[in-house]
Amino acid sequence: MEPNEKDRCDLSVIVPALAGTFKALGDPTRLSIICLLATDTTGTLGVSDLAALTNVSQPAVSQHLKTLKSEGLVESRRDGLYIYYTINRERMVGFREQYELMYAGIMEKCNRELLRKSGRDRDIRACVIFYSFSGITRRVAEGFRNATGCDLIEVRAKKPYTALSAYTRGVARSRKMACDPIEQGEIDVSGYDLLVIGTPVWAGRAAPPINGAVKALRGCEGKIAAVFSTCLNAPGEALSNLGSALADRGVSVRATISLEQEETRRPDAGGELLKRIIDADPFGDQDLEEKRP
Ligand SMILES: Cc1cc2nc3c(=O)[nH]c(=O)nc-3n(C[C@H](O)[C@H](O)[C@H](O)COP(=O)(O)O)c2cc1C
């Protein structure tokens, strides 16, 4: 999850909640108990079972369970003379959400530091131009924008796709590398040093609206670009096709980044894109000032 203005990491809320949970989990025996409960399929683990499995005395296990219960991480249920322990699913989900919020906040800072270290934070005027059908490419693009403060241009097809037409008309058009007419008409990029262009992969090709966007670029001759795609696991030729279309428009593609599902799902997918673009060093030793009129 990328924090937006609304739910940006509020340390005063997150820190006390997370500190208690980390403290409860920060003990090898308690963590072992959590792992045992997490892998148990019977739902009938009691103190004596956990004591035997962890090789710790029953009174000590009881004390550890009390700590885990007081943090809400573990629940118990009585069945006759026995008390069984299970993981509190909701509390675990909440813990993960809080941790991811903190993680996204930390990554935002790290990304800014990455930019600062690259020495390009003030120099580069960048924009990210993307098409997104189901929101994944948008999330990556927005994460990149959050990390860099660059401009964001979302491409919209004049004739939008539906869940059905994406797989019929959309796939047929992407196979032909067709250019969809886009709402923007023209995209003036003359004021930018770096164009970051992103598309979902459709049938191993770029989605037709992004082809339309490449056609609609104005002032792109001589610009430097990084292209990225998001997909499940089969990027096909989407980025090489997109690169060729950009080369035909006089754009020099210096970084080609394919993000597969596992990567796009990460909370800091936009930061990962930034890191890979910086690693590709699209400007090399070139002085940016030389590129400016
Ligand atoms: C019409 C269509 C065709 C797709 N074809 C591919 C494909 O060839 N390979 C692949 O790995 N994923 C494919 N996908 C999955 C998307 O590329 C992937 O989910 C992408 O991240 C979606 O980005 P978006 O949410 O920004 O639209 C396809 C999705 C759609 C809707």
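This briefing walks you through the overall shape, the two domains, the ligand shell and a few single residues of the structure above. The model is predicted, and the protein has an average pLDDT of 91, with 92% of the residues scoring at least 70. The chain is divided into domain 1 (1–118) and domain 2 (119–291), and a ligand is surrounded by 23 residues.

**Confidence**

- Please take care at the start of the chain, where pLDDT stays under 50 over residues 1–7.
- The model has 18 contacts beyond four places in sequence for residues 1–7.
- Where pLDDT is low, the predicted coordinates should not be read in detail.

**Overall shape**

- You will find 12 helices and 10 strands in the protein.
- The C-alpha atoms fill a box of roughly 80 × 45 × 30 Å along the principal axes.
- The radius of gyration is 25 Å, whereas a compact globule of 293 residues would have one near 19 Å.
- Buried residues make up 34% of the 293 in the protein.
- Among contacts with a separation of 6 or more, 77% join residues that are 24 or more positions apart.

**Two domains**

- Domain 1 covers residues 1–118 and domain 2 covers residues 119–291, and their centres, taken over C-alpha atoms, are separated by 39 Å.
- The contact between them takes 13 residues from domain 1 and 16 residues from domain 2.
- On the side of domain 1 that touches domain 2, there are 6 nonpolar, 2 polar and 5 charged residues.

**Around the ligand**

- Of the 23 residues around the ligand, the ones that come nearest are Ser132, Ile136, Thr137, Pro200 and Cys231.
- At least two residues of the shell come from each of α6 (136–148), α7 (163–175) and β6 (194–202).
- Helix α7 gives the most to this shell, with 4 residues.
- By class, the shell around the ligand has 12 nonpolar, 10 polar and 1 charged residues.

**The loop between α7 and β5**

- Two residues to look at here are Asp180, which lies in the loop between α7 and β5 (187–188), and Met177, which lies in the loop between α7 and β5 as well.
- Asp180 counts as buried because it has 24 C-beta neighbours inside 10 Å, and the cut-off for buried is 20 or more.
- Leaving aside neighbours within four places in sequence, Asp180 is in contact with Ala157, Arg173, Pro208, Pro209, Asn211 and Gly212.
- For a sense of distance, Asp180 and Gly26 are 154 residues apart in sequence, and their C-alpha atoms are 54 Å apart in space.
- Met177 has 16 C-beta neighbours inside 10 Å, so Met177 counts as partly exposed.
- The backbone of Met177 has a positive phi of about 55 degrees, although Met177 is not a glycine.

**The loop between α3 and α4**

- Asn55 lies in the loop between α3 (47–54) and α4 (58–70).
- Although Asn55 is not a glycine, it has a positive phi of about 60 degrees.
- Asn55 counts as exposed because it has 8 C-beta neighbours inside 10 Å, where the cut-off for exposed is 12 or fewer.

Key
Residues numbered from 1 in each chain as written. Predicted model: local features only at pLDDT ≥ 70, side-chain atom pairs only at ≥ 80, totals over all residues. pLDDT = per-residue confidence, 0-100. Contact = placed C-beta atoms within 7 Å. Near = placed C-beta within 6 Å. Nonpolar A, V, L, I, M, F, W, Y, C, P; charged D, E, K, R; others polar. Rg over C-alpha atoms; globule rule 2.2 N^0.38 Å. Domains from an automatic or database assignment.
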